[in-house]
Amino acid sequence: MKWLYHASRVIFGGWWVYSGAMPFIDPAWQPLGQEQAAIDFSLAMIDSGLMTCVKVAEIVLGLLILANRLMPLSVIAIAPINFVIVYWNFVLDEGLIEYVFGALTVVFNVVLAWPWRHYFVPLLVWRGTPDHSLSSARTR
């Protein structure tokens, strides 16, 4: 399964870098969608400047994924962006190509997150104990 992880990492990371960089190279490249809801949503993100922040995050996270660095953080950081992409593909701009890209986004996320799952388990603590000290040493 190691080959599936690395293949997914290269494809997904490359996809993110490409998707993030293209609107800076050619602003007309940014897909707006075919349905009015998708077009309105995309234009609102562009007009508000939020799309620029998202595209920069896509480039940074794509490069980290390609380099196989900070993977637990990258997988968590990319999840909200992927949620919006999946919503856009399945709800706002429906169609076969959109469904395929939405599904691939979920599959790649799961494949990339699975080997790092032991890093995520501590995040699921229902009732933890905060450490209010200024020391970086862990105390129990």
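A residue counts as buried when its relative accessible area is under 20%, as exposed when that value is over 50%, and as partly exposed in between. By this scale Asn68, at 23% relative accessibility, counts as partly exposed, and the same scale is used for the other residues discussed here, in what is a predicted model.

The overall architecture is a good place to begin. The secondary structure comes to six helices and zero strands, so that, by the DSSP runs on which the elements are based, the order from the N terminus on reads α-α-α-α-α-α. Taken along the principal axes, the C-alpha atoms fill a box of roughly 55 × 35 × 30 Å. Of the 140 residues of the protein, 34% count as buried. Among the contacts with a separation of 6 or more, 68% are accounted for by residues that lie 24 or more positions apart.

We can now turn to helix H2, which spans residues 36–48. This helix has 13 residues and reaches 18 Å from its first C-alpha to its last, close to the 18 Å expected at 1.5 Å a residue. Its buried residues are Ala38, Ile39, Ser42 and Met45; because they cover an arc of only 135° around the axis, they are placed on the same side of H2. The cover over these buried residues includes H3 and H4, while the face turned away from the buried side carries the exposed residues Asp47 and Ser48. After H2 comes Gly49, whose phi is positive, near 90°.

Just ahead of H2, in the loop between H1 and H2, is Glu35, which counts as partly exposed because its relative accessibility is 40%. Leaving aside its neighbours within four places in sequence, Glu35 is in contact with Leu92, Asp93 and Glu94. The C-alpha atoms of Glu35 and Gly95 are separated by 9.9 Å, although these two residues are 60 residues apart along the chain. A contrasting pair is Thr129 and Pro23, which are 106 residues apart in sequence and 44 Å apart in space, C-alpha to C-alpha. Thr129 has its place in the segment after H6, and with a relative accessible area of 76% it is exposed.

The loop between H3 and H4 deserves a look at its backbone. Most residues other than glycine have a negative phi. Asn68, which is found in this loop, has instead a positive phi near 60°. Leu70, whose place is in the loop between H3 and H4 as well, has a positive phi of about 50° although it is not a glycine. While Asn68 is partly exposed, Leu70 counts as exposed because its relative accessibility is 53%.

Helix H5, covering residues 96–113, can be read in the manner used for H2. Its 18 residues should span 26 Å at 1.5 Å a residue, and its end C-alpha atoms are 26 Å apart, so the span agrees with expectation. In H5 the buried residues are Glu98, Gly102, Thr105, Phe108, Asn109, Val111, Leu112 and Ala113. These buried residues pack against H1, H3, H4 and helix H6, the last of which covers residues 117–120.

Where, finally, is empty space left between these elements? Rolling a probe the size of a water molecule over the atoms shows where such space is left. About 710 Å³ of space lies in the largest pocket. Of the 29 residues that line this pocket, the closest to its centre are Ser19, Gln30, Pro31, Ile85 and Trp88. The elements that give two or more residues to the lining are helices H1, H2, H3, H4 and H5, and H4 gives the most, with six residues. By class, the lining has 17 nonpolar, eight polar and four charged residues.

One of the residues closest to the pocket centre, Ser19, is found in helix H1. Ser19 is buried because its relative accessible area is 13%. Not counting residues up to four places away in sequence, Ser19 touches Trp29, Lys55 and Glu58.

Conventions
Residues are numbered from 1 along each chain as its sequence is written. This is a predicted model: local features need pLDDT of at least 70, side-chain atom pairs count only at pLDDT 80 or more; totals for chains, interfaces and linings use all residues. Side-chain values use heavy atoms; hydrogens and water are left out. On a 1 Å grid over the protein atoms alone, a cavity is a set of points where a 1.4 Å probe fits but cannot get out, and a pocket is an open set with protein on both sides within 12 Å along at least five of seven lines; lining residues have an atom within 4 Å of a point. Grid points are joined across faces, edges and corners, and a volume is the space filled by probe spheres set on the points. Helices (H or I, at least four residues) and strands (E, at least two) are DSSP runs, numbered from the N terminus. Ala, Val, Leu, Ile, Met, Phe, Trp, Tyr, Cys and Pro count as nonpolar, Asp, Glu, Lys and Arg as charged, and the others, Gly among them, as polar. The expected span of a helix is 1.5 Å times one less than its number of residues. Buried means under 20% relative accessible area, exposed over 50%, partly exposed in between (1.4 Å probe, protein chains only). The arc is that of the directions from the helix axis to the C-beta atoms. Contact means heavy atoms within 4.5 Å.
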